[in-house]
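Trainee: Please pick one spot in the backbone here and look at it closely with me. Then follow the strands and helices outward from there, with the cut-offs as you go.

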Amino acid sequence: MNTINHEPVLRRDLARAADAEFDLVVIGAGVYGVMTTLEAARRGLSVCLIDAQDFNAGVSFHSLRILHGGLRYLQSMDLPRFFESVSERRWFFRHFPEQCEVLPCLMPLYGEGLKRPSTFRVAMAMNDALSFRRNAGVSADIHLPGGKVLGPQDTARRFPTVRQEGLRGAGCWPDGRMRCHQRLMIEMLRWAASCGALALNYVRAEGLRVEAGRVTGVQATDVLTGQALTISTTRVMNTAGPACRALAERWHADTPALFRPTLAFNLLLDVDPPSDHAVAVAPPKKDARTFFVTPWHGRTFAGTYHTEHADTVKRGAPSTELVAEMLLGLREAIPGWSPMPSDVARVHAGRLPGDPGGGDDAAHRAVRVDHGKIGGPHGLYTVSGVKYTTAGLEARRGLRLAWGYSLPDMQEKRKRPEVGAPVDACAAPGGFDLDLAVRLAEQESAVCLEDVVCRRADWAPDDRSAESAMAQLGLRLDLPRSISTPEPGDSEEHA
């Protein structure tokens, strides 16, 4: 169950955008833009967020919904990233307990390399010891317990279709997951609005207004009406995801380090999950990809597949051959579990920044650029993020880049408003709540049926359910089905 705040309401207040003087304009309403808006507003800064599409309509929408605690970073002893992940996962659990849940995870061990029971037992002990504050301030019903190593029989009991040959046991640990990532994003925006932020979907950034080498505003267009407006500000944070490099080039210079495009995709499968745990599995061959397979409302989420293939990245979606290759890898990794192409309910794909060194892997760290320090307009900053879980940390780092030591301290009085009564906002058979959908459309800047059904709750996990829900909602609301805008990353016009 999830909760819906009833105040404050998100409004597309274009008059305020044109009339006010903002401390900061944020471009791009994925998780990095939303987090930057929230962190700025909580510090008492006046901030305006704009995006040419709806909130959460780009890459962030396609995440695997995991709030990673950083266990994998212990393998490379990257302790800074481990501690960052633990801390930021805890931030979500503390502030949005109704949107978070404990996800039990399991990795079969076959006695190879680091995947030995003895080695993993040490990793579990380190993970528990180094994350000893993981539950501090967290609601007791979502406390994360310690990890352990299971024997082969217990592993098979929890994961019946596990590959048995050579099985030595399994590592078992808890991690975090979003119950409904759409609600989480909107609730973060509503919190920001309660602190005075203005969030505008379907407003496209066209250019910067610069005087004497310093940013004085953003020139923008309302996608719905064509109305031009200038939003006055002294600082602009470019968090436009796949379009951030193109925007940086348009307004200053190309910075290749910001974004080397790769494509990542996850699959929502209309099959029963192989376990009630999330399982980390790989086919039994050298250098095989590891997949994370999680239960999701009676279905299965599996990911993540990365590729740098130029045609695939340009297209913005994997070919049927790549999807089939991933499904084959899943079948090889989990004998007795046989997802086929006909079982794919939805492909969740998006462009992510790749490892600067090349290859299919995603970049490991966010990139932040102060354009004023390298010959560009003073007051223009770009943040290219990598990981959903640590978006808040990178937002705070971006704000410190822009304000330095003059950044206002966190105001604890700016806490999240009280949430309302529990409602079901997650995908489930027959789970579409028509009355709630109407209320969300009225309160949360929804301008088309697709906004409500797909991005104000998780009522449309696949195209069939989306069409059904929009048909029902269209009988109550005089809204268009969708708004035509550029897809994320298709051109520099998306911002």
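Mentor: Let's start with tyrosine 202, which counts as buried because its relative accessibility is 2%; buried means under 20% relative accessible area, exposed over 50% and partly exposed in between, with a 1.4 Å probe and protein chains only. Bear in mind that this is a predicted model, where local features need pLDDT of at least 70 and side-chain atom pairs count only at pLDDT 80 or more, while totals for chains, interfaces and linings use all residues. Residues are numbered from 1 along each chain as its sequence is written, and side-chain values use heavy atoms, leaving out hydrogens and water.

Back to the backbone: tyrosine 202 isn't a glycine, yet its phi is positive, at about 60 degrees. The residue sits in the loop between E9 and E10; the labels are DSSP runs numbered from the N terminus, helices being H or I with at least four residues and strands E with at least two.

Each strand flanking that loop belongs to an open sheet. E9 is in the six-stranded one, ordered E9-E4-E3-E13-E20-E19 with mixed pairing; two strands pair if DSSP finds at least two bridges between them. Strands E9 (198–201) and E19 (367–370) are at the edges with a single partner strand each, so one side of each has no neighbour in the sheet. On average, neighbouring strands here are turned by 15 degrees against each other, direction ignored. At the E19 edge, four bridges pair E19 with E20 (residues 380–384) in the antiparallel sense, and valine 369 faces threonine 382 of E20. Helix H11 (residues 391–403) lies across E3, E13, E19 and E20, at about 15 degrees to E19; axes are lines fitted to C-alpha atoms, for helices over the stretch in contact, and angles run from 0 to 180 degrees between N-to-C directions. Contact means heavy atoms within 4.5 Å.

On the other side of the loop, E10 is in an open sheet of four strands, ordered E2-E12-E11-E10, again with mixed pairing. Its edge strands are E2 (21–22) and E10 (203–211), each pairing on one side only. E2 runs parallel to E12 (residues 228–233), joined by two bridges, with glutamate 21 opposite serine 232.

Now put another positive phi beside tyrosine 202. Aspartate 287, also not a glycine, has a phi of about 60 degrees, and this one is in the loop between E15 (278–281) and E16 (291–296). Aspartate 287 counts as exposed because its relative accessibility is 72%.

E16 itself is a covered strand, with six of its six residues buried. Phe291, Val293 and Pro295 point one way, while Phe292, Thr294 and Trp296 point the other. E15 pairs with E16 over three antiparallel bridges, setting alanine 280 opposite phenylalanine 292. E16 and E17 are also antiparallel, joined by five bridges, and threonine 294 has phenylalanine 301 as its bridge partner in E17. Two residues lie between the strands in the E16 and E17 hairpin, where histidine 297 takes a positive phi near 50 degrees.

One more backbone oddity to finish: a cis peptide bond joins glycine 303 and threonine 304, with omega about -5 degrees, and threonine 304 is in E17 (residues 299–307).
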